[in-house]
Structure formats: C-alpha cells, structure tokens
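Please read the following account alongside the sequence and the coordinates. It goes from one helix pair to the charged contacts around it, and then to the rest of the chain.

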Amino acid sequence: MLSFHALPALAALPVGLLVGLPAAAAPSSAAVFGIELAEPGTVGPRPLKPQDARRLALASETLRREVAGRGLEPVDLGAHAAEIRRDAPFYKCEGCAEKIAKAAGAVLVVYGYVQRSAPQVLNLTITVTEAESGKVLRGGQVVIQGDTDDTWLHGVRSLVKNRLFAEPLPNRS
C-alpha cells in the first residue's frame, strides 16, 4: 500500500516520463501557447468565426489547466504578445515558439492547432518541445467528431492524458 507521503513523488512521475528524465530532474516551467486554427490553402490571417474563436479560447485555457495539473508551471507570455502575433501560426514557424518560450524563462514549449477536415470532423494536434533545443519530446493528434464545446474540450483532455503525459509505450516513445 502506498503511503500518503509517496503521492507527491507519484504526481511528478508523468512529467519525468515526458522528458525522459528522473522525476526529480523534471523541468518545472512551460510556455503554453494558445491553440490555433489551421486553414490549409488560406494566405494571410483570416477573421475567425465567433464560435471558432470561443472554442479556441476554451481549448487553450483547458490545455493550460491540464499542463499545470501535471506539475508544470505555465509561464506568463503577456510580455511577448507582440512577438506571438507576429510569428503565429506556430505550426508553420519552425523555432519561433521555442525562441519566445526561452525568452519567457520556460523549459518546455506546448502548442497546438485544430484543422477542420469536414464540417463536423476536426483534427487536434499538440506538440511538446524543449525550449533550448527545439527537440520534440512528445506530440499527438486526435480526431474530434462533432463541432461543439464539449467535443473540443474532450479532445484536449484526451490528448493530454493519453499521449502527452501517458507512460511511454514499449518501442513507441
């Protein structure tokens, strides 16, 4: 039986697994960027539909809470808002998110995007990298069936739980 004192060590375990280090050496800060909407074939920024903007904000906040709930401290990116606007979207800009995260004092970078495949089918992709090197540590994609607040949030939670912070699978990580 586990003692009450062993629980903090167990709570830190997924973070250690995330980066392949012992839990005691796990990074403690992460730059969690807002989830973006990927629209292939569009050139330049395009105004978001109100429901998409709201769902992106909900999904981004859920991602921040989920990351914080796994033992990482999200860093404040407010001072870098102009750089974030200039360099976005991060799924197209190699190294931009890491540069901003490093300047903000983060060890890890978390960013993602949603891409609409059909009116009621979306793909959510989230990636975790090292701020210093840009090395991809974990990533995953989930298909969201149904374009509702609940399906978007379920997609974020599922991806965080089952891919980003899951124990490494044999011969798969």
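**Helix 2 against helix 5**

Helix 2 and helix 5 pack with their axes 9 Å apart, at an angle of about 30°. Angles under 35 degrees count as roughly parallel, and helix 2 and helix 5 are therefore roughly parallel to each other. Their crossing is right-handed. On the side of helix 2, the residues that take part are D52, R54, R55, L56, L58, A59, T62, L63 and E66. They meet D149, W152, L153, V156, R157 and V160 in helix 5. The model is a predicted one, and its confidence values are taken up further below.

Charged side chains come next. The whole structure has 9 salt bridges. One of them joins R54 to D149, with the closest N and O atoms 2.6 Å apart. This pair links distant parts of the chain, as R54 belongs to helix 2 (residues 50–69) and D149 to helix 5 (residues 149–164), 95 residues apart. R54 and D149 are also among the residues through which the two helices meet. R54 is partly exposed, with a relative accessible area of 40%. D149 is partly exposed as well, its relative accessible area being 23%.

A second salt bridge to look at is formed by R116 and D147, at 2.7 Å from N to O. R116 lies in strand 4 (residues 108–118), while D147 is in the loop between strand 6 (136–145) and helix 5, so the pair ties together parts that are 31 residues apart in sequence. Are the two partners buried or exposed? R116 is partly exposed, at a relative accessible area of 28%. D147 has a relative accessibility of 14% and counts as buried, because buried means under 20%. Through shared partners, salt bridges join D52, R54, R55, R116, D147 and D149 into one network. Of these residues, D52, R54 and R55 in helix 2 and D149 in helix 5 also appear in the helix contact described above.

The salt bridge between E61 and R65 has its closest N and O atoms 3.9 Å apart. E61 and R65 are 4 residues apart in helix 2, so about one helical turn separates them. E61 is partly exposed, with a relative accessible area of 37%.

**The chain as a whole**

The protein chain has 5 helices and 6 strands. Read from the N terminus, the elements follow the order α-β-β-α-β-α-α-β-β-β-α. The chain has 173 residues, and 39% of them count as buried. Among contacts between residues at least 6 apart in sequence, 59% join residues at least 24 apart.

Two C-alpha pairs give examples of separation along the chain and in space. F165 is found in the segment after helix 5. The C-alpha atoms of F165 and R70 are separated by 7.8 Å, although the two residues are 95 residues apart along the chain. F165 counts as buried, at 7% relative accessibility. The other pair is P89 and Y111, which are 22 residues apart in sequence and 9.9 Å apart in space, C-alpha to C-alpha. P89 sits in the loop between helix 3 (81–87) and helix 4 (96–103). With a relative accessible area of 26%, P89 is partly exposed.

Helix 4 follows that loop. Which of its residues are buried? They are C96, A97, E98, I100 and A101. The buried residues of helix 4 pack against strand 1 (29–32), helix 3, strand 4 and strand 5 (121–130). Strand 4 is also where R116 of the salt-bridge network lies. Just after helix 4, G105 takes a positive phi of about 90°.

**Confidence in the model**

How far does the predictor's confidence reach 70 or more along the chain? The mean pLDDT of the protein chain is 82, and 78% of its residues reach 70 or more. Over residues 1–25 the pLDDT is below 50, and this stretch has 28 contacts in the model beyond near neighbours in sequence. Over residues 169–173 the pLDDT is also below 50, and that stretch has 2 contacts beyond near neighbours in sequence.

Key. Residues numbered from 1 in each chain as written. Predicted model: local features only at pLDDT ≥ 70, side-chain atom pairs only at ≥ 80, totals over all residues. Heavy atoms only, no water. Salt bridge = Lys/Arg side-chain N within 4 Å of Asp/Glu carboxyl O. Buried < 20%, exposed > 50% of the residue type's maximum accessible area, 1.4 Å probe, protein only. pLDDT = per-residue confidence, 0-100. Contact = heavy atoms within 4.5 Å. Axes fitted to C-alpha atoms, helices over the stretch in contact; angles between N-to-C directions. Parallel < 35°, antiparallel > 145°, perpendicular 65-115°, else oblique. Left-handed = near helix turned anticlockwise from the far one by under 90°.
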